[in-house]
Amino acid sequence: METPPFPLHDLPAGLEDLAILATDLRWTWSHAGDALWQAMDPQAWKQTENPYVILQNISRERLRALADDSDFRQQLQRLMASRSAYSAQARWFRETYAETGLKGIAYFSMEFGLSEALPLYAGGLGVLAGDYLKAASDLGLPLVGVGLLYQEGYFRQTLDASGWQQETYHYNDPTSIPVRPLLAGNGAWMHVETRFPNRMVRFRVWQAQVGGVMLYLLDSNDPLNLPGDRGITSKLYGGGQELRLVQEIALGICGWRLIDALGIDIDVCHLNEGHAAFATLERTRLYMQRHGLEFCDALWATRMGNVFTTHTPVAAGFDRYQPELMLHYSREFASNLGVDPQELGALGRENAGDHSEPFNMAYLAMRTCGRTNGVSRLHGEVSRHIFKNLYPRWPRAQIPVTHVTNGIHVPSWDSPWADEKWTQSAGKERWRGDIEGLDISVLENVSDEELWTVNGLERADLVNYARERLGRQLNQRDCGQACQVLPEQVLDPNVLTLGFARRFAEYKRPDLLLHDSERLLRILTNAERPVQIIVAGKAHPANRAGKQAIQRWFRFLQRPEVRPHAIFLEDYDIALAQQLVQGVDVWINTPRRPWEACGTSGMKVLVNGGLNLSELDGWWAEAYSPEVGWALNDGAGHWDPESAVRADAADAARLYELLEREVVPLFYERDAAGIPRRWVARMRASMSTLTPRFSTNRMLREYIEKLYIPAATGLHAREAHGGRLARQLCEWDTALEQHWHELHFGDIAIRRVAERWAFQVPVYLGGVQPEAVEVQLYAEPLASGEQPLCIALASRAKIEGALNGYVYWAEVETDRPPADFTPRVVPYHPAARVPTENPRILWCSTAAKIHPCSEE
């Protein structure tokens with residue numbers, strides 16, 4: 001039997017399992033136990049829907065009464081049996097990938113958004129990480145999460161009487177959140193230590209149970225630490241550069257030390273953003289220590305097992321640290337790696353020799369990870385542009401960044417009404433395995449009338465929730481004129497409902513709908529076809545422009561004619577997001593393309609029948625078709641400020657036009673039965689085609705097959721025989737570095753042979769061994785979306801009188817002119833990833849060296 005978690009040890013006999021259920025965060029997406037918790041304390045459940053809070057606040061008298069209630073005990077036993085069955089059934093990964101050799105993944109993230117019960121997130125990055133853990137649990141993926149336990153999570157938002165955002169920070173008392181201490185083998189609380197300049201710092205380890213996945217959280221608030229060090233994990237994204245750096249050292253270095261101390265068999269270290277990139281260095285150090293290798297050998301051994309997911313669409317978003325600060329904290333660690341601090345610093349610089357360049361965490365991740373991915377197809381393209389300077393002279397298409405488009409954990413976001421229809425059509429276990437059967441026909445047995453009824457029930461639930469939340473919001477401040485309209489007088493459960501909720505950042509254009517506020521007012525207050533909108537979102541405490549956008553919305557909503565049709569709900573969080581995505585008819589998203597890396601909020605309406613009206617950015621750029629929603633523009637990007645301003649005006653006009661001419665008329669176009677058939681057809685198409693495609697089921701499968709299995713396979717090969725292959729690769733790389741400057745081309749000969757071009761390319765290798773490089777012909781793709789043409793040339797003969805010179809040859813069947821093809825030399829080793837691990841490249845200046853021969 002599991003040990004009851006701290007601090008809930010003292011439960012009556014027969015109710016001990018309540019502590020296990022309350023601290024297993026599977027209750028955030030599995031609602032089988034809701035009735036039990038509600039029965040324990042109906043009022044507390046209505047306020048919080050948090051089993052942990054209920055268990056902490058319930059009286060002993062009530063617990064004793066429940067212990068004497070045989071029906072309650074039987075209900076508890078059934079829930080525990082269901083929990084055991086869930087664990088036994090989470091075997092999709094084992095059954096599907098048993099022969100791959102993938103043993104374990106460690107998933108590092110600066111934030112995790114699982115529930116308001118564990119507020120360790122700021123936005124989309126954390127919510128994605130939370131969904132990732134939940135899906136890993138459902139699918140039986142051998143994964144552990146690693147993060148930090150912040151004494152204060154992200155801020156809670158209120159607006160003052162002028163609509164200006166106010167921030168408050170709540171203390172995360174570990175005894176009041178569903179975590180428990182991780183105990184070492186000797187029964188003591190487990191700690192991980194690291195050395196900062198002139199002192200040791202201890203991090204206590206907590207654990208949070210997420211179904212079948214464990215999340216480990218490091219906490220610096222240890223009484224044995226110096227007062228300043230106890231505040232290292234004080235606040236998520238708080239403080240200055242130094243605090244941010246030591247947090248990332250704690251996450252990466254101490255996080256990997258924890259994995260090592262626990263003896264967890266990990267193949268893949270997955271960095272969810274570059275914050276945790278120091279984990280790759282600690283992994284290298286421990287491998288050096290264990291196998292007696294040099295830093296170069298150990299990095300070549302471990303790098304293949306590291307995966308880096310970047311979520312950043314602009315280079316300015318990466319964490320950078322000044323050289324002096326980085327040197328202060330890395331000097332001793334570099335010594336432990338056996339390298340000069342500047343050599344270590346070079347891993348985080350674009351120009352390795354520029355000691356004045358700031359240290360870039362994303363660059364460190366790129367250089368110490370075998371694979372990198374963006375989080376949508378478009379973001380992959382953007383990331384290849386961002387990282388191109390790390391691979392000078394390499395074509396953009398060959399910059400080593402792939403993509404895996406994000407997905408959402410569907411059971412966390414579906415309404416009870418939608419869940420009922422999906423279960424009717426696809427079964428209760430539909431999100432716990434393959435989704436190949438969830439195709440366009442998945443909802444064919446659900447009638448239009450049933451879908452429209454679901455839509456109405458969801459909207460009514462949202463309206464009721466919004467009114468209650470608005471009432472609490474108004475009661476906590478002197479709302480003055482705003483209270484002239486009572487909460488029960490706003491919104492209408494039968495009116496087209498728009499949702500707009502997100503972080504209020506400039507690139508997201510959160511006030512684009514207000515570009516022509518009078519036109520928006522006319523849309524909202526149309527007597528025959530009214531529209532209503534619910535707005536929510538936070539601005540970063542330091543983002544004045546974001547706060548001003550919130551204030552503009554606040555002022556617009558204060559207008560008497562607007563109040564019944566539009567509200568701003570404060571303190572946007574997971575709980576509010578769940579209600580919004582379950583009840584809105586249309587989700588609006590207005591980022592400035594291509595600045596939205598992915599954007600998963602619009603995915604969350606899909607399962608519930610909500611439709612998207614969005615900029616063709618992030619995930620919507622690959623999801624959109626006219627049958628499933630609306631696109632705001634033609635997909636053009638706008639980087640410079642002048643074109644961005646013009647685009648804002650054009651996009652606002654297009655947004656109003658879409659609402660006026662397409663969205664609103666379609667919603668109110670009813671048949672004799674009162675059903676908007678064409679609207680429901682879009683709902684059905686969106687639900688059935690997009691929901692599975694943008695689920696974590698699809699996402700995790702792509703990560704497993706595209707990234708994790710190749711990473712684990714490559715790692716095992718390099719670690720075999722004491723790291724022999726890794727040492728060979730290090731020697732290969734060192735030799736190329738020493739002799740690359742000796743490479744050069746001779747005069748190229750080209751002739752036409754029937755339908756083919758024959759290329760003869762002399763190459764002088766100097767001290768480079770022929771097997772250490774590959775001579776290629778490269779041609780740019782002819783059409784967008786195509787891959788470049790890359791042809792390996794064969795060595796035909798040695799060049800007489802030359803030291804290590806060869807003529808390379810190839811025939812290419814093509815109707816393209818020979819000038820389209822450029823010879824080049826690139827590093828080659830069958831076990832190396834080029835250019836990821838070796839970015840050298842030599843191009844031939846063909847314009848000066850082509851010597852055509854006569855046709856044959």
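**A tour by salt bridges**

Start by selecting R684 and D448, whose side chains meet in a salt bridge, 2.7 Å from N to O. R684 sits in helix α24 (residues 677-693) and D448 in helix α18 (residues 448-475), so this pair ties together parts that lie 236 residues apart in sequence. Keep in mind throughout that the model is predicted.

Next, select E669 and R678. These two residues form a salt bridge, with the closest N and O atoms 2.9 Å apart. E669 counts as partly exposed because its relative accessibility is 34%, and partly exposed covers the range between under 20% (buried) and over 50% (exposed).

Now go to helix α10, residues 241-262, and show E248 and R244. Their closest N and O atoms are 3.5 Å apart, and the pair forms a salt bridge. About one helical turn separates E248 from R244, because they are four residues apart in the helix. Are these residues buried or exposed? Both E248 and R244 are buried.

For a group instead of a pair, select E116, R156, R469, K538, D571 and D573 together; salt bridges link these residues in a network. Over the whole structure, a search finds 50 salt bridges.

The next stop is a charged residue without such a partner. Select R26, in the loop between α1 (17-23) and α2 (34-40). R26 is buried but has no salt bridge. Which side chain of opposite charge is nearest to R26? That side chain is D138, at 5.2 Å, whereas a salt bridge requires nitrogen and carboxyl oxygen within 4 Å. To see what R26 touches, add R83, Y86 and G211 to the selection; residues up to four places away in sequence are not counted here.

Finally, zoom out to the whole protein. Colouring by secondary structure should bring up 26 helices and 32 strands. The radius of gyration is 29 Å, close to the 29 Å that the globule rule gives for 856 residues, so the protein is as compact as a globular protein of that length. Along the principal axes, the C-alpha atoms fill a box of roughly 95 × 70 × 50 Å.

Switch to a surface view. About 33,600 Å² is exposed, and carbon and sulfur atoms supply 49% of that area. Of the 856 residues, 59% count as buried. Among contacts between residues at least 6 apart in sequence, 73% join residues at least 24 apart. To end, colour by charge: the protein has 87 positive and 107 negative charges, and their mean positions are 1 Å apart.

Notes
Residues numbered from 1 in each chain as written. Predicted model: local features only at pLDDT ≥ 70, side-chain atom pairs only at ≥ 80, totals over all residues. Heavy atoms only, no water. Helix = DSSP H or I, 4+ residues; strand = E, 2+ residues; numbered from the N terminus. Rg over C-alpha atoms; globule rule 2.2 N^0.38 Å. Buried < 20%, exposed > 50% of the residue type's maximum accessible area, 1.4 Å probe, protein only. Contact = heavy atoms within 4.5 Å. Areas by Shrake-Rupley, 256 points an atom, 1.4 Å probe, with all protein chains shown as cover. Lys, Arg positive; Asp, Glu negative; His and termini not counted. Charge placed at Lys NZ, Arg CZ, Asp CG, Glu CD.
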